[in-house]
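Trainee: Got a minute to go through this one with me? I'd like to talk over a few local features.

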Amino acid sequence: MDSHALRRGAEARFHEVASQLARRHPDVPVTTEFVIERPQRALIDSAKDATLLVLGNRGNESPSCLLLGPVTQTALLEAWCPVVVIPTANLRPRLPPR
């Protein structure tokens, strides 16, 4: 596998989705950064100066969705700001298919 091609594809899709969401909500300031590191560390480091960190839950509708994943657990324990966990169904944007 070409890891550089995978990264370029993932980064392109990330920016595509982020720009679609930004266009839908022009009054909401958006800053994006594509990073490759452990999600826990990336979120904690990025949220150092944040007022609020908003995360989704695991994203399925089963009773196990009440359990928090490792990223959310780490954020709740280590974030320097308040953390809100929202059911993923409420966060899913309705974007056109690729």
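**Loop, rings and a helix face**

Mentor: Sure, and keep in mind that this is a predicted model. Let's start with Leu 52, which sits in the loop between helix 2 (39–46) and strand 1 (53–56).

Trainee: How accessible is Leu 52?

Mentor: Leu 52 is partly exposed, at a relative accessible area of 44%.

Trainee: And which residues make the nonpolar surface patch?

Mentor: Leu 52 does, together with Val 54 and Val 84, and the patch comes to about 220 Å².

Trainee: Switching topic: how many aromatic pairs are there?

Mentor: The count is one aromatic pair. Phe 14 and Phe 34 form it, with 5.6 Å centre to centre and 55 degrees between the planes, so it goes down as tilted, being neither under 30 degrees nor over 60.

Trainee: What does that pair tie together?

Mentor: Phe 14 is in helix 1 (residues 3–24) and Phe 34 is in the loop between helix 1 and helix 2, so the pair links parts that are 20 residues apart in sequence.

Trainee: Is Phe 14 buried or exposed, or in between?

Mentor: Phe 14 counts as partly exposed, because its relative accessibility is 29% and the buried class stops under 20%.

Trainee: OK, on to helix 3. Which residues are buried there?

Mentor: In helix 3 (residues 70–78), Thr 72, Thr 74 and Ala 75 are buried. They span an arc of only 165 degrees around the axis, so they are on the same side of helix 3.

Trainee: What do the buried residues of helix 3 pack against?

Mentor: They pack against helix 2, strand 1 and strand 2 (83–86).

Technical notes. Residues numbered from 1 in each chain as written. Predicted model: local features only at pLDDT ≥ 70, side-chain atom pairs only at ≥ 80, totals over all residues. Heavy atoms only, no water. Patch = residues over 30% accessible without salt bridge, like charges linked within 9 Å, V, L, I, M, F, W, Y side chains within 5 Å. Areas by Shrake-Rupley, 256 points an atom, 1.4 Å probe, with all protein chains shown as cover. Salt bridge = Lys/Arg side-chain N within 4 Å of Asp/Glu carboxyl O. Helix = DSSP H or I, 4+ residues; strand = E, 2+ residues; numbered from the N terminus. Buried < 20%, exposed > 50% of the residue type's maximum accessible area, 1.4 Å probe, protein only. Phe/Tyr/Trp six-rings, centres within 6.5 Å; stacked < 30°, edge-to-face > 60°. Arc of directions from axis to C-beta. Contact = heavy atoms within 4.5 Å.
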